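User: I would like to learn how to read the features of a model like this one, step by step. Could we take them in turn?

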Amino acid sequence: MAAIKTLLLIFSFSSLLILSSVCEAQTAPPLVKGLNYTFYKTTCPNLESIITKQLKSAFSKNPGLAAGLLRLHFHDCFVQGCDGSVLLDGSTSKPSEKAALPNLTLRPAAFAMINTLRDLIEKACGRVVSCADITTLAARDAVALSGGPNYSVPLGRRDSATFATNATAIRFLPRPQSDVTTLLSALKLNNLDVNDLVALSGGHTIGIGHCAAFSNRLFPSRDHTMDPTFFKNLRLTCPTNTTDNTTNLDVRTPNTFDNKYYVDLVHRQGLFTSDQDMFSDSRTKPIVKRFKNNQSLFFEKFAFSMVKMGMLKVLTGTSGQIRANCSAKNPGTVGDAWSVVDLEVESGGAAAAY
Ligand code: HEM
């Protein structure tokens with residue numbers, strides 16, 4: 001009898017262990033080799049608090065900076081991986097990723113903040129933290145300090161000494177005029193799926209867009225999937241198809257990170273084709289509805305996909321470098337500014353207009 005009881009106890013204990021590891025697997029994707037959650041624990045113990053303190057004060061003066069930092073991390077990761085390549089300055093003969101059309105609307109204040117943070121961190125810890133990790137942490141804080149989920153991010157990324165060409169940047173960054181089929185193929189290049197697409201697009205719950213990014217829905221006439229009143233208001237902001245004004249991405253709560261972006265989509269008030277088509281396409285519509293009805297679920301899935309996105313093609317260990325200046329590769333680094341992978345894409349890829 002005692003033996004049976006012991007067996008039962010062992011059985012229920014191991015079931016509990018299995019169950020808890022399944023739950024963990026759902027809240028965070030498997031870690032890429034070289035990244036972990038305690039990477040700077042001894043080398044820069046105050047790293048996260050230095051960043052959070054600085055951003056809290058900066059966002060109180062400029063709430064739009066949060067959106068700028070979130071988008072910066074996305075544009076870094078999608079092109080050549082999360083290696084800080086989007087931060088590098090180019091030259092006239094070798095334009096960097098910054099010069100690619102989708103990156104022209106990245107906020108100068110976001111680039112400047114990454115360098116400010118880097119300098120503060122170097123003062124406290126020496127040159128141990130990569131610009132890619134600073135960008136990842138800044139995006140995480142941008143979400144949390146705007147009202148979104150406060151998730152942990154694995155660290156240990158290193159910075160590239162190269163940046164991508166214009167053709168590569170354009171190939172990997174989806175256009176706002178894309179439909180769901182096009183978006184899914186673009187995300188597949190980075191092994192991201194339909195759940196990642198709907199969750200990550202929820203980043204459009206904060207920030208702004210320029211008329212050029214959605215004028216395809218206003219001219220020559222209203223996109224029939226757009227709410228007529230929403231259309232009328234957008235036409236006031238963008239009276240011609242060459243107006244260079246901006247409007248909020250989330251019409252309900254533009255500076256708060258919440259699930260109202262999905263409420264917008266259900267009311268046909270999404271700004272870009274890439275947003276609104278997710279409520280038309282049968283592969284994405286049920287996920288949009290779920291997030292619209294359940295903010296906690298959206299927060300959980302958003303955090304999951306952000307951690308996944310944050311691990312794309314990272315440089316770790318002894319690869320890459322820790323930059324002294326986030327806008328430039330370290331002096332004396334050998335090699336060309338464009339990566340080898342890029343030149344292959346360049347020779348085959350035609351650049352479409354963003
Ligand atoms: C799925 C494909 C996506 C497309 C086509 C897209 C496209 C765009 C475009 C065109 C803008 C406006 C740029 C401007 O006119 O100033 C924008 C802004 C923004 N995007 Fe995306 N985006 C996508 C995914 C994402 C993801 C994955 C995130 C982050 C998780 C994100 C976060 C943002 C943020 C926060 C802004 C506002 C930036 C600011 O106010 O400075 N986007 N996006």
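User: To begin with location, in which loop does His204 lie?

Analyst: Bear in mind first that this is a predicted model. His204 belongs to the loop between H8 and S1.

User: How should I read the iron site, and which residue is the protein donor of the iron atom of the ligand?

Analyst: Donors are N, O and S atoms within 2.8 Å of the metal, and water is not among the atoms, so sites may look incomplete. In this model the only protein donor of the iron atom is His204, through NE2, at 2.1 Å. The side chain of His204 also has an N or O atom 2.9 Å from a nitrogen atom of the ligand.

User: Which other polar atoms lie close to oxygen atoms of the ligand?

Analyst: Here one separates backbone from side chain: a polar backbone atom of Ile208 is 2.9 Å from an oxygen atom of the ligand, while for His210 a polar side-chain atom lies 2.7 Å from a ligand oxygen.

User: How many residues surround the ligand, and which come nearest?

Analyst: There are 27 residues around the ligand, and those that come nearest are Arg107, His204, Gly207, Ile208 and His210. By class, the shell consists of 15 nonpolar, nine polar and three charged residues. Helix H3 (64-78), helix H8 (194-201) and strand S1 (208-210) each contribute at least two residues to this shell, and H3 gives the most, with five.

User: Turning to aromatic rings, how many aromatic pairs does the structure hold?

Analyst: A pair is read from the distance between ring centres and the angle between planes, where over 60 degrees counts as edge-to-face. The structure holds eleven aromatic pairs. In one of them, Tyr261 and Tyr262 meet edge-to-face, 5.0 Å centre to centre with 80° between the planes, and both Tyr261 and Tyr262 are buried. These two tyrosines also belong to a cluster in which ring pairs link them with Phe257, Phe291, Phe298, Phe299 and Phe302.

User: Which lysines lie over the face of a ring?

Analyst: Lys98 lies over the face of Phe111, 4.6 Å from the ring centre, and Lys285 over that of Phe279, at 4.7 Å.

User: Finally, why does Cys82 count as buried?

Analyst: Cys82 counts as buried because its relative accessibility is 0%. Cys82 is located in the loop between H3 and helix H4 (108-125), and although Cys82 and Lys313 are 231 residues apart in sequence, their C-alpha atoms are 6.6 Å apart in space.

Note on methods
Residues are numbered from 1 along each chain as its sequence is written. This is a predicted model: local features need pLDDT of at least 70, side-chain atom pairs count only at pLDDT 80 or more; totals for chains, interfaces and linings use all residues. Side-chain values use heavy atoms; hydrogens and water are left out. A residue is near a molecule or strand if one of its heavy atoms lies within 4 Å of it. A polar contact is a pair of N or O atoms within 3.5 Å; within protein, one must be able to donate a hydrogen and the other to accept it, and residues adjacent in sequence count only if both atoms are side-chain atoms. Helices (H or I, at least four residues) and strands (E, at least two) are DSSP runs, numbered from the N terminus. Ala, Val, Leu, Ile, Met, Phe, Trp, Tyr, Cys and Pro count as nonpolar, Asp, Glu, Lys and Arg as charged, and the others, Gly among them, as polar. Donors are N, O and S atoms within 2.8 Å of the metal (3.2 Å for Na, K and Ca); water is not among the atoms, so sites may look incomplete. Rings of Phe, Tyr and Trp (its six-membered ring) pair if their centres lie within 6.5 Å; planes under 30 degrees apart count as stacked, over 60 as edge-to-face and the rest as tilted. Buried means under 20% relative accessible area, exposed over 50%, partly exposed in between (1.4 Å probe, protein chains only). A charge sits over a ring if NZ of Lys or CZ of Arg is within 6 Å of the ring centre and within 35 degrees of the ring normal.
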